[in-house]
Amino acid sequence: MNFDLSEEHRMIRDMARSFAREVIAPRAEKMEATGEYPYDIIQQMGELGIMGIPFPEEYGGSGGDWVGTHVCLEEISRGDITLGALLDVTTSVVGQELFVFGTELQKRKWLVPIAQGTAIGAFGLTEHDSGSDAGSVRTTAVLDGDEWVLTGTKQFITNVGLKNASVLLVAAKTGTATQRSVISTFIVPTDVPGFKLGKRYRKMSWNASATHEVILDECRIPKENLLGDPKRGFAQHLSVLETGRISIAAMAVGLAQACLDEALEYAKVRRQFGKPIFEHQAVQFKLADMAVAIELARNQYLKAAWLKDQGRPHTFEAVAAKLFASEMAEKVASDAYQIHGGYGFMEEYPVSRYYKAAKILQIVEGTSEVQRMIIGRHLGKFTV
Ligand SMILES: Cc1cc2nc3c(=O)[nH]c(=O)nc-3n(C[C@H](O)[C@H](O)[C@H](O)COP(=O)(O)OP(=O)(O)OC[C@H]3O[C@@H](n4cnc5c(N)ncnc54)[C@H](O)[C@@H]3O)c2cc1C
């Protein structure tokens, strides 16, 4: 057993860490306050090969793997969680779905720009009445000659409404009246007739990440934009969301590490009762617990990513990583805030931003309850 990162993984981590520290982190507060979308940073991420780490070079990628992707994602999220979210959705979910299930033509047309960082992708599963029960989508797709006609409304969609947003992968029902449960996935370019951008949500955090409603109003796309097996669109989505769970875990670790960085630095300079608060054991123990929890979550997402790279089953490991890391991040953010005392409430201290950003990690790409349901199902398969 070898727990060392390879030379290549260390190089990715160091590159992403300096980029996050020097380019992303100094802009994070302003991005959050203004909702400014950092096109220039995304362009640089593309130039550094960050957006396409797990894809082969022939499709615009860097020819790396999923361990490298997630080590990078942790560092980017340590700089700013919204860029982590952008990378997760674009690479782990949309890019992967195009790579695994796309035809050669679809990969050339849609994956290459995503992997090169000149375009970003979005996925549209959630609807008003279809959240955790994701298989209950109502959006429909009907074949009309050489075109599919999509009708429905998707909500909470990340990465749309931006100049570089190229496609939305839409889950829609295609079965006849007696087979309504058949879900297919479609590649919907954001500039086709009938693609309408709904409201941009006002959020308590993650403001630089664009989240919109999308209305598909008899939206017409070419017949060849069906992605993969028409009867297995939902299963396709679930398979890439498994990687999305590892990604949310890596993002949570990045955010929690940023909390620990700030809290540790603060504890060493803030003096009360004649000494740095770091020297009060209650504060030091809190920091020790934070460091332990972060390391355990990091080991778990790396294990899940490593299993994926080996082509081995990793459902339990990915779900455990997502569940543990997202709940850990909320606790670590709260402890970092506590260590800052009243200053933790002030916006000039990054911990106030981290605290607001942590909670949603327990909701996106499957709530904690859904993760526990999957683990329960997994445990149910074993006899004692
Ligand atoms: C910022 C943001 C970005 C997002 N980006 C995207 C995106 O890009 N694409 C996309 O498709 N979606 C996206 N989503 C949607 C996200 O995946 C859903 O919000 C999430 O899956 C939960 O669905 P819901 O909000 O409808 O909650 P609900 O499903 O209504 O759940 C409400 C509560 O009930 C609980 N619950 C539900 N069913 C059960 C059950 N059977 N047993 C126990 N408890 C249960 C849940 O765990 C939760 O606590 C995004 C959401 C947010 C907030």
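**View 1. Helices H1 and H3 cross with a right-handed twist.** In this predicted model, the close-up brings together helix H1, residues 7-34, and helix H3, residues 66-79. Their axes are 7 Å apart, and the two helices pack at an angle of about 20 degrees. An angle under 35 degrees counts as roughly parallel, so H1 and H3 are roughly parallel to each other.

**View 2. Helices H6 and H8 meet in a left-handed crossing.** Here you can follow helix H6 through residues 233-269 and helix H8 through residues 315-339. Their axes come within 8 Å and cross at roughly 20 degrees, which makes H6 roughly parallel to H8. What kinds of residues make up the contact of H6 with H8? Nonpolar residues number 22 there, and they are joined by two polar and four charged ones.

**View 3. Helix H8 also has helix H7 as a partner, and their axes come within 9 Å.** Helix H7 covers residues 281-309. How do the axes of H7 and H8 cross, and at roughly what angle? The angle is roughly 155 degrees, and angles over 145 count as roughly antiparallel. H7 and H8 are therefore roughly antiparallel to each other. The crossing of this pair is left-handed.

**View 4. A shell of 21 residues lies around the ligand.** Which of these residues come nearest to the ligand? They are Thr126, Gly131, Ser132, Thr367 and Glu369. Sorted by class, the shell holds eleven nonpolar residues, eight polar residues and two charged residues.

**View 5. Strands, a helix and two domains contribute to the ligand shell.** To trace where the shell comes from, look for strand E1 at 120-124, strand E3 at 147-158 and helix H10 at 368-380. Each of these three elements supplies at least two residues of the shell. On the level of domains, the shell draws at least three residues from domain 2, which spans 123-231. Domain 3, spanning 234-380, likewise gives at least three.

**View 6. Stepping back, the protein chain has ten helices and ten strands.** Its radius of gyration is 21 Å, close to the 21 Å that the globule rule gives for 384 residues, so the chain is as compact as a globular protein of that length. Taken along the principal axes, the box filled by the C-alpha atoms is roughly 80 × 55 × 40 Å.

Methods. Residues are numbered from 1 along each chain as its sequence is written. This is a predicted model: local features need pLDDT of at least 70, side-chain atom pairs count only at pLDDT 80 or more; totals for chains, interfaces and linings use all residues. Axes are lines fitted to C-alpha atoms, for helices over the stretch in contact, and angles run from 0 to 180 degrees between N-to-C directions. Helices (H or I, at least four residues) and strands (E, at least two) are DSSP runs, numbered from the N terminus. Angles under 35 degrees count as roughly parallel, over 145 as roughly antiparallel, 65 to 115 as roughly perpendicular and the rest as oblique. A crossing is left-handed if the near helix is turned anticlockwise from the far one by less than a right angle, and right-handed if clockwise. Ala, Val, Leu, Ile, Met, Phe, Trp, Tyr, Cys and Pro count as nonpolar, Asp, Glu, Lys and Arg as charged, and the others, Gly among them, as polar. A residue is near a molecule or strand if its C-beta atom, placed from the backbone, lies within 6 Å of it. Domain bounds come from an automatic or database domain assignment. The radius of gyration is taken over C-alpha atoms; the globule rule is 2.2 Å times the number of residues to the power 0.38.
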